[in-house]
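Let's take a friendly walk through a protein model, helix by helix and then through its charged pairs. Please have a look at it first.

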Amino acid sequence: FLDSTYAADPVIAVNLGLHQYDGRLADLSDAGIKHEIARLHAARAQALAFDSATLDPAHRFDRDYLVGVLNGQLFWMEKAEWPWKNPQYYGTEFDPAPYVTRDYAPLPVRLKAMTGWARSIPGAVSQVRTNLRTPMPETFADIGRIQFGGLASFLEKDVPLVFASVKDPALQADFHAASAEAVKALKGIDGWFAAERQHATQAFP
């Protein structure tokens with residue numbers, strides 16, 4: 001289950017220190033999210049297939065804990081439909097903190113990983129914009145602006161300072177090119193949230 005989870009959402013793996021997944025994001029398309037829901041249902045069914053009466057207390061706890069986690073994930077994805085309603089659902093997915101703040105490798109290695117992450121951003125932003133239903137509540141539009149607009153500013157102004165000491169011109173050029181496209185995409189969706197706020201609702205789904 002963990003291996004399939006890391007493959008489905010590499011950001012989880014990166015946050016756990018599995019840096020072979022660096023630079024990759026989950027498939028955030030409508031089809032990708034529905035595929036993930038199906039994967040979680042299959043994992044839940046597999047876990048429930050273990051007869052709790054035959055398990056010792058430690059294994060019974062593991063099984064019940066996994067089912068509880070899966071129930072929570074499936075509720076927010078399938079019942080509450082957060083991927084299609086709330087931009088906050090995508091908050092962790094777009095967080096570059098592991099590359100910027102964690103000294104897990106020399107800066108050139110982390111800069112290369114950061115570049116891969118930045119290259120993934122425009123496509124992922126496009127998927128998020130396609131997924132989110134409109135009109136949305138004002139508060140959700142505000143959350144989107146804070147989240148994506150704030151990330152655009154962070155990527156444009158703060159992240160380059162972290163990697164400024166890297167002397168490899170090719171690495172720097174690759175990063176700045178990828179970052180510029182990522183910032184453009186993030187500013188674009190920030191503007192979209194601003195426009196959506198003008199005809200947002202007061203409903204809370």
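What span should the 23 residues of α4 have at 1.5 Å a residue, and how far apart are its end C-alpha atoms? The expected span is 33 Å and the end C-alpha atoms are 31 Å apart, which agrees; the expectation is 1.5 Å times one less than the number of residues. Helices here are DSSP runs (H or I, at least four residues), numbered from the N terminus.

A word on the ground rules: this is a predicted model, where local features need pLDDT of at least 70, side-chain atom pairs count only at pLDDT 80 or more, and totals for chains, interfaces and linings use all residues. Residues are numbered from 1 along each chain as its sequence is written, and side-chain values use heavy atoms, with hydrogens and water left out.

**Around α4**

At the start of α4, D56 brings a side-chain oxygen to within 3.1 Å of the backbone nitrogen of A58. The buried residues of this helix are R63, V67, L70, L74 and M77, where buried means under 20% relative accessible area, exposed over 50%, and partly exposed in between (1.4 Å probe, protein chains only). They pack against α3 (30–48) and α5 (82–85), with contact meaning heavy atoms within 4.5 Å. Y65 also belongs to α4, but this residue counts as exposed because its relative accessibility is 55%. Just after the helix, E81 adopts a positive phi of about 55 degrees.

**Helix α9**

Helix α9 (residues 169–197) has 29 residues and reaches 42 Å from first to last C-alpha, close to the 42 Å expected. Its N-terminal end is capped by D168, with a side-chain oxygen 2.9 Å from the backbone nitrogen of A170. K184 lies in this helix and is exposed, with a relative accessible area of 58%.

**Salt bridges**

The whole structure holds 10 salt bridges, each a side-chain nitrogen of Lys or Arg within 4 Å of a carboxyl oxygen of Asp or Glu. Three of them are shown here, including one from α3.

| Pair | N to O distance |
|---|---|
| D30 and K34 | 3.0 Å |
| K85 and E81 | 3.8 Å |
| R145 and D190 | 2.7 Å |

R145 in helix α8 (residues 138–162) and D190 in helix α9 are 45 residues apart, so this pair links distant parts of the chain. R145 is partly exposed at 37% relative accessibility, whereas D190 is buried at 14%. D30 and K34 both sit in helix α3, four residues apart, about one turn of the helix. E81 and K85 also join R133 in a network of salt bridges.

Key
Helix = DSSP H or I, 4+ residues; strand = E, 2+ residues; numbered from the N terminus. Polar contact = N/O pair within 3.5 Å; in protein donor to acceptor, adjacent residues only side chain to side chain.
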